[in-house]
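Please open the model in your viewer and keep the sequence panel visible. The tour below proceeds by selection, stating at each stop what is to be found there.

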Amino acid sequence: MGSLTDVHVTVNGSQIDNSGFATDVTTTLNSSASHTSTFTVNASGTEDFTHFHYSYSGDGTNVVDIQGSTGADTLTMGSDMSSHVHITGGGGTDTLHFTDAVGTSDDLSHVSAFSNIIFDNIGSNASETVGDSLFTSGQTLNVDAHTIDSSHALTFDASGVTGGYLYIQGGAGADTITGVNTNSPANGYSNVLFGGGGADTLTGGSGADLFLYKSLSDNGGDTSGTGGAGDTITNFTSGTDKFAFYADNAGGSFGYNTTTGLNSHIFTSTAGYNASGASTSPCWFLDDTGHSLMYDADGHGGGGAAVVIANNINSLNANTDIIIVDAAHHQVGTIIT
Ligand SMILES: [Ca+2]
């Protein structure tokens, strides 16, 4: 596959194969019948399909079929992903890179057996709706769109998934991310949703979900607490879902390195926060009028304003709903139940 660096293929009817291709081959075929063009990755490694261009016509059932190896494959598809590109990663820990095109949301509908799906978009929007076929049952799929800039957004809907788990990273803009509906594992979460920068709209699934904040700016930029920013979590369930904040020693900026004792710095109402008086310890509280989770870096007694972390939060349990995590999203310290 190493020679497939600039192959231009027009698929509009007849079967093709990669056996005779060298660099800079252009193939145009003319038949109305549907066919499959199969490419087989023979060994693990990095396979660059960025220059692999195709188009289809006729009955629209032509398929480019790419079979990954039993080893760890990294396939880069550039901007030429669509539902007509069928890819299985095969064995190993496989990674698929592509730059999503606006207009279709089913580009991953025939992708399977990957561990990592990487959106390479930067200055463009990305939108995909995915189903169980993309997921391996019982495994976590990592989806990464962190390169998208603040003027663009990811829309990702995995609500139809019932057999795998999701860790997803949004970009710098205001993303809309809907997680899987798989039942959560005994000691974990169905979804770890990290919106990144921007005022994201995040929706968990039916199981336990973790809403992750690595730095304070992941709240969407609110610095005054006056509203208009902060993520929106459409279905936060107190006692089941959790907010996770990076420990300072993992790169966080929230003032804590452990969950142990954190509950004394979490207030479940505005009145409780006000009652903390002159405390300058970093704290979280539920604005029970505005229904927002707030964070105050210098406590009620400091001079800085509390800022919005997330909106649409109707209930907060100080003992169970906020944890400190390490860089692998694992809870640090003990939670009180
Ligand atoms: Ca975002």
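## Strand β7 and its partners

Select strand β7, residues 85-88, where the side chains alternate: V85 and I87 point to one face and are buried, whereas H86 and T88 point to the other and are not. In general, side chains of a regular strand alternate between the two faces of the sheet. A residue is termed buried if 20 or more other C-beta atoms lie within 10 Å of its own, exposed if 12 or fewer do, and partly exposed in between, with C-beta atoms placed from the backbone. Strands (E, at least two residues) and helices (H or I, at least four residues) are DSSP runs, numbered from the N terminus.

The model is a predicted one, in which local features need pLDDT of at least 70 and side-chain atom pairs count only at pLDDT 80 or more, while totals for chains, interfaces and linings use all residues. Residues are numbered from 1 along each chain as its sequence is written.

Add strand β5, residues 63-67, which pairs with β7 in the parallel sense over four bridges; two strands are said to pair if DSSP finds at least two bridges between them. Within this pairing, Q67 stands opposite T88 of β7. Next add strand β9, residues 111-112, which is parallel to β7 and joined to β7 by two bridges. Here T88 has S112 of β9 as its bridge partner.

Continue to A113, in the loop between β9 and β10 (116-119). The phi of A113 is near 65°, a positive value in a residue other than glycine. A113 counts as buried because 20 C-beta neighbours lie inside 10 Å.

## The nine-strand sheet

Now display the open sheet of nine strands, with mixed pairing and the order β11-β13-β15-β17-β19-β24-β23-β22-β21. Its edge strands are β11 (126-129) and β21 (266-267), each of which pairs on one side only.

At the first-named edge, select β11: A126 and E128 form its covered face, and S127 and T129 the uncovered one. Strand β13, residues 154-157, pairs with β11 in the parallel sense over four bridges. Opposite E128 stands F156 of β13.

Cross to the other edge and select β21 with strand β22 (residues 283-287); the two pair in the parallel sense over two bridges. I266 is placed opposite W284 of β22.

## L210, F211 and the nonpolar core

Which strand holds L210? L210 lies in strand β18, residues 209-213. L210 is buried because 23 other C-beta atoms lie within 10 Å. Not counting residues up to four places away in sequence, L210 touches Y189, V192, K242, A244 and H329; a contact requires C-beta atoms, placed from the backbone, within 7 Å. Draw a distance from L210 to I323 as well: their C-alpha atoms are separated by 9.6 Å, although the residues are 113 apart along the chain.

Then select L96, F211, A244, L293 and M294, which touch the most other members among the 80 residues of the largest nonpolar core. Such a core is a set of buried Ala, Val, Leu, Ile, Met, Phe, Trp, Tyr and Cys residues joined through C-beta atoms within 7 Å. Beyond its neighbours within four places in sequence, F211 is in contact with L193, L202, I233, D241, F243, A244 and A310.

From L210, move to its contact H329, in the segment after β25 (322-325). H329 is not a glycine, yet has a positive phi of about 70°. H329 counts as partly exposed because 18 C-beta neighbours lie inside 10 Å.

## The loop at G252

Select G252, in the loop between β20 (242-246) and β21. G252 is buried because 21 other C-beta atoms lie within 10 Å. Neighbours within four places in sequence aside, G252 contacts K214, S215, F245, Y246 and A247. G252 and V325 are 73 residues apart in sequence, with a C-alpha to C-alpha separation of 9.3 Å.

## The whole chain

Finally, colour the chain by pLDDT, the predictor's confidence in each residue from 0 to 100. The average is 86, and 82% of the residues score at least 70. Over residues 12-31 the pLDDT is below 50, and this stretch has 41 contacts in the model beyond near neighbours in sequence.

The protein chain has one helix and 25 strands, and 42% of its 337 residues count as buried. Of its contacts with a separation of 6 or more, 50% join residues 24 or more positions apart.

Conventions: Two residues are in contact if their C-beta atoms, placed from the backbone, lie within 7 Å.
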